[in-house]
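Take a look at the model below. Start with the whole fold, then zoom in on one residue.

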Amino acid sequence: MFDFKVLLESIIEIATVVPKTLVLAIFILLLSLLMGAVIALIQQYKVPLLSLIVKVLQSFLRGTPNVVLLYLMYYALPEIFTFFAGILGIAFDANTLNPIVTVIITFSISYSVFQSEILRGSILSIEKGQIEAAQSLGFSFWQTFRRVIVPQALVEAFPDILNSLLVIIKALSLAYLITVVDILGQAKMVGALSYRYLEAFVGAALIYWMLGALLTFIANRFELKLRQGFH
């Protein structure tokens, strides 16, 4: 029979890893946004060769499940780091590579492709008249980009960026496959210790729900203030 006392205890135990999960998700979001911005600029200005590489990368990442990418990087990264460490003459033990590094690199690369589309769309949504006005005032390309394009593009992209954060938080449930404990990983351990898996997984679902609702509420208020700043 379902035990609400066990459910409450499970929620308390699972909640202990929420800060770690949030920090990890935000770090991945920021890194993927940075990489996505580079990809968006390469696409926007059609940089020779790099544009082709980006298209191949996008095709590969869109067609490959995250769980496959995670396992692929888990076994490939130690070999890659060992290879480059050997070239640089640095001693490196592949067994010391923290699985969290693998998770960060894997999901940052995976979601950078989607972030690039979000950022590119938000940049294209800016009226050309504003860019031309900035240039007529003597702004350089980088001044126009930093003072005109970036602030407005971020406002337009903000709802999709929030959605990306929520997607990353949920995607981190796969991290337990390579021993990184997030919300779902903690729920599995709590269920294993108490032999009450139903309560543990219901607890995890409630935490995901509450976390999503809280982040959405905060983000909506922040977005409103951002938009008011442009009017």
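**From the whole chain to one residue**

The protein chain has nine helices and zero strands. Read along the sequence, the pattern is α-α-α-α-α-α-α-α-α. Keep in mind that this is a predicted model.

Now consider the overall dimensions. Along its principal axes, the C-alpha trace spans about 70 × 50 × 30 Å. The chain holds 231 residues, and 39% of them are buried. It exposes about 13,700 Å². Carbon and sulfur atoms supply 70% of that area.

Contacts come next. Take those between residues at least 6 apart in sequence: 79% of them join residues at least 24 apart.

Charges can be followed too. The chain carries 15 positive and 13 negative charges, and the mean positions of the two sets are 8 Å apart.

Now zoom in on Asp182. Where does Asp182 sit? It lies in the loop between helix 7 (141-171) and helix 8 (183-194). Asp182 is buried, yet it has no salt bridge. The nearest side chain of opposite charge belongs to Lys188, 7.5 Å away. A salt bridge needs the two charged groups within 4 Å, so that distance does not qualify.

What does the side chain of Asp182 reach instead? One partner is the backbone nitrogen of Ser173, at 3.3 Å. Another is the side chain of Tyr208, joined to that of Asp182 by a polar contact of 3.3 Å.

Leave aside residues up to four places away in sequence. Asp182 then touches Val17, Thr21, Leu172, Ser173 and Tyr208. Ser173 and Tyr208 thus appear in this list as well as in the pairs above.

How values were computed:
Residues numbered from 1 in each chain as written. Predicted model: local features only at pLDDT ≥ 70, side-chain atom pairs only at ≥ 80, totals over all residues. Heavy atoms only, no water. Helix = DSSP H or I, 4+ residues; strand = E, 2+ residues; numbered from the N terminus. Buried < 20%, exposed > 50% of the residue type's maximum accessible area, 1.4 Å probe, protein only. Lys, Arg positive; Asp, Glu negative; His and termini not counted. Polar contact = N/O pair within 3.5 Å; in protein donor to acceptor, adjacent residues only side chain to side chain. Contact = heavy atoms within 4.5 Å. Areas by Shrake-Rupley, 256 points an atom, 1.4 Å probe, with all protein chains shown as cover. Charge placed at Lys NZ, Arg CZ, Asp CG, Glu CD.
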